[in-house]
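Student: Please give me a close look at one part of this structure and how it connects to the rest. I am new to it. Short sentences would help.

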Amino acid sequence: MRVFIFFIFSVIFISVQAQVTFVVTSLPNYTPSEDQIYITGDFNSWDPGDAQYALTKNVNNLWEITLDGFSDGQTIEFKFSRGNWKTVEVDELGNATTSRTLIVSNGSTNSVSIKNWADENINGATDSIAAENVYLVSQAFYMPQLDRSRRVTIYLPPDYESSGLSYPVIYMQDGQNMFASPDWEMEIDETLNSLANQGYNVPIVVGIDNGEWHRANEYLPKYFEPLGAGGEGNEYMQFIVETLKPYIDNTYRTLPDRKKTGIIGGSFGGLISWYGAMKYQNIFSKCGVFSPAYWGNDYDIWNYLSEFGFQQDIRFYQNVGETEDINQYINYMY
């Protein structure tokens, strides 16, 4: 009887084991020929450079891998990379994608087309290079509230790949100056990596490029006659709150509640960050304002503060450089 029971359990166990093959039928034409292709997923703790999950070339010179140990009918999640998260696959527009999913069918072969890699144009044609843990979210992230697109980049903490943790998020304006810029660079990635190396917990930082000649329009809540610009600040903040933030929260491991969400900017970017934190107190609990150009919408924003008030606790950090006209900030703040 015991032998019979053991035989039955063995048959059941063996019957649910399944293997599946993946074949990459197309790659971006700029993929370096010397690079290795890997598969990563919930089956290998999302290690993007695991040697056990490296693909090999088949007789048709296509990248291929056969995996086993699954249950027939099991749903798995996976992506492809060239060895790290900076080279993970993205869509044809450079957008970060959600994980691929597959219901395992024993003995099946699955064809895969890889559209793009995340490291394509992450640094553009700049003179400085972003740190390895800065990634391209999208080269052209669509802003439905303004019917235009914008490059979005993201800084992930150095231990993001291995920790399994979720992180606070800061949204920053003037993203093209955050990580890699030929003109001047904020060195956000270098600074946070240095802090992380000292043992500090650092957040995810999302950089939203400014709209160049749209910048003043998007960063000023109301039209400002002396500049002949402004008035799209509400739509810009709606984009961050209603479109970008949900995407980031769904794609990356974030702590999405307001206590773990901040917004930062400088000059007009500081103005719109201050305005956005006030308007969306249910979303943001922290705001950094550097050299704020309050003069761009001075009367309106202070009236807004007076009329709307503080609905929740918010921490503000503001600073002004020593060579700036401190009187303008004092006059506008009091």
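Tutor: What follows begins with one sheet and then turns to the buried interior.

The model is predicted, and local features need pLDDT of at least 70, side-chain atom pairs count only at pLDDT 80 or more, while totals for chains, interfaces and linings use all residues. Residues are numbered from 1 along each chain as its sequence is written, and side-chain values use heavy atoms, leaving out hydrogens and water.

Start with the sheet. It is open, with 3 strands in the order β2-β5-β7 and antiparallel pairing. Its edge strands, β2 (38-41) and β7 (100-103), each pair on one side only. From one strand to the next the twist averages 40 degrees. Axes here are lines fitted to C-alpha atoms, for helices over the stretch in contact, and angles run from 0 to 180 degrees between N-to-C directions. Strands (E, at least two residues) and helices (H or I, at least four) are DSSP runs, numbered from the N terminus. Two strands pair if DSSP finds at least two bridges between them.

Now look at β2 itself. It is joined to β5 (residues 75-81) by 4 bridges, and the two run antiparallel. Y38 faces S81 of β5 across the pairing, and T40 stands opposite K79. Y38 and T40 point one way from β2, I39 and G41 the other way, and all are buried. Buried means under 20% relative accessible area, exposed over 50%, partly exposed in between (1.4 Å probe, protein chains only).

Beyond β2 there are rings to find. The whole structure holds 11 aromatic pairs. In one, the ring centres of F43 and F70 are 5.8 Å apart and the planes meet at 75 degrees, so the pair is edge-to-face. F43 sits in the loop between β2 and β3 (56-57), F70 in strand β4 (residues 63-71), 27 residues apart. F70 counts as buried, at 5% relative accessibility. F141 and F239 make another edge-to-face pair, with 5.9 Å from centre to centre and 70 degrees between the planes. This pair links strand β10 to helix α5, 98 residues apart. F141 is buried at 8% relative accessibility, and F239 is buried at 0%. Rings of Phe, Tyr and Trp (its six-membered ring) pair if their centres lie within 6.5 Å; planes under 30 degrees apart count as stacked, over 60 as edge-to-face and the rest as tilted. F22, F78 and F80 form one aromatic cluster.

Next, the core. The largest nonpolar core has 49 residues, and I154, V206, Y236, M237, L244 and F284 touch the most other members. Elements that each supply at least two of its residues include β10 (134-143), α5 (233-251) and β15 (286-290). A second, separate core of 21 residues includes L102, V104, V112 and I114. Such a core is a set of buried Ala, Val, Leu, Ile, Met, Phe, Trp, Tyr and Cys residues joined through side-chain atoms within 4.5 Å. Beyond four places in sequence, M237 is in contact (heavy atoms within 4.5 Å) with I263, I272, G276, Y280 and F284.

Last, helix α3 (residues 188-197). Its buried residues are I188, D189, L192 and N193. Seen down the axis, they fall within an arc of 120 degrees, so they line one face of the helix. The arc is that of the directions from the helix axis to the C-beta atoms. Among what covers the buried residues of α3 are β10, β11, β12 and β13. Just after α3, G199 takes a positive phi of about 100 degrees.
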